[in-house]
Amino acid sequence: GIFPLDHESECKPYMEKYISCLKDQQDKHHLCRELSKDYLQCRMDRQLMASEDLDKLGFSEEAKVESAVEYDKSKEKEGYVAGKHIDGRIKWWFQR
């Protein structure tokens, strides 16, 4: 689909608030959900994207994240490296 650029910067204030929120919240986007919703609504209102039901874009109450728990990387802190547990040399599909 097409996603026209906002040449007139009509939705720039909404975008800046959202980006600022992401920075303040260390990229935990669920904490900036309403600002994201406002930005998309601005784009739809100005025909910068196709109008769509925001619930279908992940903004329904059922899709709302209430208390996300960030992974603490405990395995990695103990020295775990993904894939190291696999024995033997793996051949690529073109090597078989």
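## A walk from Gln-26 to the salt bridges

Start by selecting Gln-26: it is exposed, with a relative accessible area of 62%. Keep in mind as you click around that this is a predicted model. Gln-26 sits in the loop between α1 and α2. Check its backbone too, since phi is near 55°, a positive value in a residue other than glycine.

**Helix α2**

Now select residues 33–45, which make up helix α2. The helix has 13 residues and reaches 18 Å from its first C-alpha to its last, close to the 18 Å expected at 1.5 Å a residue. Which residues of α2 are buried? Highlight Arg-33, Ser-36, Tyr-39, Leu-40, Cys-42, Arg-43 and Met-44. Then show α1 (12–24), which is part of what covers them. Step just past the end of α2 and you land on Gln-47, with a positive phi of about 55°.

**The core**

Next, put these in sticks: Cys-11, Tyr-39, Leu-40, Cys-42, Met-44, Leu-48, Met-49, Leu-54 and Phe-59. Together they form the largest nonpolar core, 9 residues in total. Zoom in on Met-49 and look for its contacts: leaving out residues up to four places away in sequence, it touches Phe-3, Leu-40, Arg-43, Met-44 and Leu-57.

**Salt bridges**

How many salt bridges does a search of the whole structure find? It turns up 3.

- Pick Arg-46 and Glu-10, where the closest N and O atoms are 3.7 Å apart. This pair links distant parts of the chain, with Arg-46 in the loop between α2 and α3 and Glu-10 in the segment before α1, 36 residues apart. Arg-46 is partly exposed at 32% relative accessible area, and Glu-10 is partly exposed at 37%.
- Move to Glu-16 and Lys-12, whose side chains meet at 3.9 Å, N to O. Both are in helix α1, and because they are 4 residues apart there, about one helical turn separates them. Glu-16 is partly exposed, with a relative accessible area of 41%, and Lys-12 is partly exposed at 39%.
- Go back to α2 for Arg-33 and Glu-34, bridged at 4.0 Å, N to O. Is Arg-33 buried or exposed? Arg-33 is buried, with a relative accessible area of 11%, while Glu-34 counts as partly exposed at 42%.

**Last stop**

Finish at Lys-73, in the loop between α2 and α3 (74–77). Lys-73 isn't a glycine, yet its phi is positive, about 60°.

Terms used:
Residues numbered from 1 in each chain as written. Predicted model: local features only at pLDDT ≥ 70, side-chain atom pairs only at ≥ 80, totals over all residues. Heavy atoms only, no water. Helix = DSSP H or I, 4+ residues; strand = E, 2+ residues; numbered from the N terminus. Expected span 1.5 Å × (residues − 1). Buried < 20%, exposed > 50% of the residue type's maximum accessible area, 1.4 Å probe, protein only. Contact = heavy atoms within 4.5 Å. Core = buried A, V, L, I, M, F, W, Y, C linked by side-chain atoms within 4.5 Å.
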